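Student: Before we rely on any descriptive word for this model, could we set each one against its definition?

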Amino acid sequence: MFDNYEINMHLYTLNYDHYPFSLRHIPVEMQEGTLIDLEITDQRFRKAFEFSAIGMALVSTEGRWLKVNKALCNSLGFSENELLNITFQDITHPEDLDTDLQFVQKMLQNQIESYQMEKRYFHKNGSLIWALLNVSAVRDKQGQVLYFISQVQDITENKRITSDLRFHESQFGHLASLVPGAIFQFEYLPNGDSRFPFVSKGFMDVFEVSEEGVKMDSANVYQRIHPEDFEKVVKGIENANLTFTQWEDEFRIILPKKGLRWVRGVARPEPNIVDSILWYGYIYDNTDFKYSNQALKEAEKRWQTALNISGDGLWDWNVSKGEMFYDSGWKSILGYEDHEIINDSAEWLKLVHPEDMEKANNELENHLLGLSDNYRNEYRMRHKDGRWIWILDRGKIIERDEQHKAVRLIGTHTDITEHKTKELELEKLLGMVSEQNNRLVNFAHIVSHNLRSHTSNISLLMKMIRDTDDPAMQMEFLNKLQKVSDQLNDTIFHLNEVVSIQTSATIDQQKIHVVNSINNILHILNAQILENKVKIDILGKEDALITFNQAYFDSIILNLITNAIKYRDQERLLVINISVKQDHEYTHISVQDNGLGVDLQRYGNKIFGMYKTFHGNKDAKGIGLFITKSQLESFGGSIEVESELGKGSVFHVKIPLTPTYQKYQIIEV
Amino acid sequence: MSHVKKICVIDDDDTYSFLIKAQIRKKFPEMEWLNFEDGNDAIAYLTNNNYLDELPDIILLDINMKLMDGWEFLEEFIELKKLFSKNILIYVVSSSINPHDVEKAKSYSDVSDYIVKPIPEEQLIEILSANV
């Protein structure tokens, strides 16, 4: 619509005859500078003039506004009347006035048909209005200018946007030059060529190229890429081109000055209006980070390898955040795959042996409280397969807060099961050896004492025999000597018996039917039992079998029953109850009597000692229970006594179902 | 102050008791003689016979006895002697050369010495000749 109108204007200007205004209505005063009422005769033009979105005016040769439309009034902020009372010179920016007036002069001198310029007007409120001014002249037949037709297009907004854009552009350029990498625009053409239409200053530093060089062709940049990385980089770019996904890459370049460098780039390809693809991105020299990162990776690799070789596991505990990390080694010690244990301190506690929990916690507490420089602990943990394994746990606080409270601890786990098992075995062996040693020392003292008491008597008797002349006395001494000799024999026999129990490295074991064996013994003792009217009952498991030495077992039962008979209470008939029981570990045989009983408060542990008797009985030797105990212990069994003076005694014998013959009990006398 | 008039031997070895008695008779025919085979019997006597003349001046005490051994006798004796009007010397006489027994005997202030059997004759005479 507007275009058409403009064309029309030119036509009118050229063909005076068809000029739309009726010149007859232009008053003579107009030429003298007085306001005249211009009539626009052409209906179409008048409408177009009045309602045009662009400001329009008829202006006298002196610059007076003759007719203005609504749009012009709106642009300049003046009402129609106000404008008709001033000239365009009045509201033209001084810097633009000369140019404008020169054009007007040329028009009046017929040098030009029309002119166009950008100029500034003052708005009524004082602000500047930018306008694109188009002026043509209406002339009479002699070619004299009658008045001007001005088109005033308000371009203030355009101007503002353009100037903003320029500002932004310069700002952006400034910023881009400050960024320590390079910002670029990369264009990938359909024929496979590519170029960098825009690069920031940094780009030239990163690649050591010239701006002109890359603007037309990216070859200079491609040439810098390290041969080993070249294929990878090109593929990455092509792939991003196909998928329009973000491109991200890290690769080596070789520069003329700086040599080998690492760069890292991020960019996004976008389809362009033409057939090319436009990339906007960022690329920077990553060498320093890469190297420091590589050093870090090297260090990490080093200790990771050390951990792997040692088989140790690592834990990292952030106390303040309550975060726990276990590495795969930590988990594999316990038989778990990486994903089977989550990084939670509860997982740890769950697997610690309940008996070791308190000690483990105490050690940790001590370290947290600062009582120990390093945390060190040994405890058992449950392996995935159910067994307990021994863990050596070592750690240290590596970070504390302002209040000196522990923030973070790091430590290792070492599987010391094998070591610990050996240690415990050794401890057990040591215990056995030292117990054995004690027994040996005791035994040596007993032997020494018993033999010495006889030899001292013998030597004294010999002296007495020599010192006396009295044959009767000599005879008496000789009789005494015979008695001492017999006692010495007895003593040696007993000691031999004890030694044989303790030294037999291998001793026969056989399946023994408990009740049958007891009945055999009772049969041997039949005479004593009948004589003393002893009532004997056997209760419990009749078919119980034990693995034991027959001679030992007979000796034990014989000893217990004869003891019961020997120390019976004369005031009442003796009743002996024998019970036989078996559980999953032991065979229990108890022999209960209603005899004299023993004051255990007084004699306690001496009852099974050598040469101890408790009843003042003349034929008590004090060797029986000592031997019984030794025989049981040599098969891993035990004997205990309950007794009350005047009520009776119960002897509890315990024999393991799977006897372990105590090889370590060897005594050398 | 006077010589030892009455000796008490507590020992379950009757051969030893016979021999020491024979030795003493030879040198000190006037010596009064008390002999017990067990600590129990000795304590029973001392409890019931604690007049000045009834009490021994000296006790030769064995350690290894079956019913009440020498150590148990000493514990009971310490309680009992509070009732006595005279000081009784005690010598532990044993076949044991166990240093543990020697140390233990010396820990009792009532024990004058520890003698290993057999008692040398000179030492026996010296002990019995001493003033009490």
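Student: Where does N343(A) lie, and why is N343(A) called partly exposed?
Tutor: N343(A) sits in the loop that connects α12 (328–333) with α13 (345–351) of chain A, where helices (H or I, at least four residues) and strands (E, at least two) are DSSP runs numbered from the N terminus. Its relative accessible area is 38%, and the scale calls a residue buried under 20%, exposed over 50% and partly exposed in between, with a 1.4 Å probe and protein chains only. Since 38% falls between those limits, N343(A) is therefore partly exposed.

Student: On what basis do these values rest?
Tutor: This is a predicted model, in which local features need pLDDT of at least 70 and side-chain atom pairs count only at pLDDT 80 or more, whereas totals for chains, interfaces and linings use all residues. Residues are numbered from 1 along each chain as its sequence is written, chains are lettered from A and ligands numbered from 1 in the order written, and side-chain values use heavy atoms, leaving out hydrogens and water.

Student: Which residues is N343(A) in contact with, leaving aside its neighbours within four places in sequence?
Tutor: With those neighbours set aside, N343(A) is in contact (heavy atoms within 4.5 Å) with M324(A), F325(A), Y326(A) and K331(A). The C-alpha atoms of N343(A) and W317(A) are separated by 9.6 Å, with their positions 26 residues apart along the chain.

Student: What makes E30(B) exposed?
Tutor: The relative accessible area of E30(B) is 73%, which is over 50%, and E30(B) is therefore exposed. E30(B) belongs to the loop between α1 (14–27) and β2 (32–36) of chain B. From C-alpha to C-alpha, E30(B) is 9.0 Å from K6(B) in space, although the two are 24 residues apart in sequence.

Student: How is E497(A) classed by its relative accessible area, and why?
Tutor: E497(A) has a value of 29%, which lies between 20% and 50%, so E497(A) is partly exposed. E497(A) is part of helix α16 (residues 471–503) of chain A, and its C-alpha lies 8.0 Å from that of I627(A), a residue 130 positions away in sequence.

Student: Why is α17(A) called oblique to α19(A)?
Tutor: The axes of helix α17 (residues 514–524) and helix α19 (residues 550–566) of chain A come within 10 Å and cross at roughly 55 degrees. That makes α17(A) oblique to α19(A), because angles under 35 degrees count as roughly parallel, over 145 as roughly antiparallel, 65 to 115 as roughly perpendicular and the rest as oblique. From α17(A), the contact is made by V514(A), S517(A), I518(A), I521(A) and L522(A), and α19(A) brings Q550(A), F553(A), D554(A), I557(A), L558(A) and I561(A).

Student: How do you know that α1(B) and α5(B) are oblique to each other?
Tutor: α1(B) and helix α5 (residues 121–129) of chain B pack at an angle of about 60 degrees, with their axes 11 Å apart. An angle of about 60 degrees is in none of the named ranges, and the two helices are therefore oblique to each other. In this contact, I20(B), Q23(B), I24(B), K26(B) and K27(B) of α1(B) meet E121(B), L124(B), I125(B) and L128(B) of α5(B).

Student: What makes up the largest nonpolar core?
Tutor: A nonpolar core is a set of buried Ala, Val, Leu, Ile, Met, Phe, Trp, Tyr and Cys residues joined through side-chain atoms within 4.5 Å. The largest has 39 residues, and F548(A) and F553(A) have the most contacts inside it. Two or more residues each come from α17, β18 (545–548), α19, β19 (575–582), β20 (586–593), α21 (624–633), β21 (638–644) and β22 (648–656) of chain A. The largest share, 8 residues, is that of α19(A). Outside its neighbours within four places in sequence, F553(A) is in contact with I512(A), V514(A), S517(A), I518(A), I546(A), F548(A), I589(A) and I655(A). A second, separate core of 28 residues includes L46(B), L61(B), M68(B) and L80(B).

Student: How many helices and strands does chain A have, and how many does chain B have?
Tutor: Chain A has 21 helices and 22 strands, and 42% of its 669 residues count as buried. Chain B has 5 helices and 5 strands, which run β-α-β-α-β-α-β-α-β-α from the N terminus, and buried residues make up 55% of its 132 residues. Of the contacts in chain B with a separation of 6 or more, 72% are between residues 24 or more positions apart.

Conventions. Axes fitted to C-alpha atoms, helices over the stretch in contact; angles between N-to-C directions.
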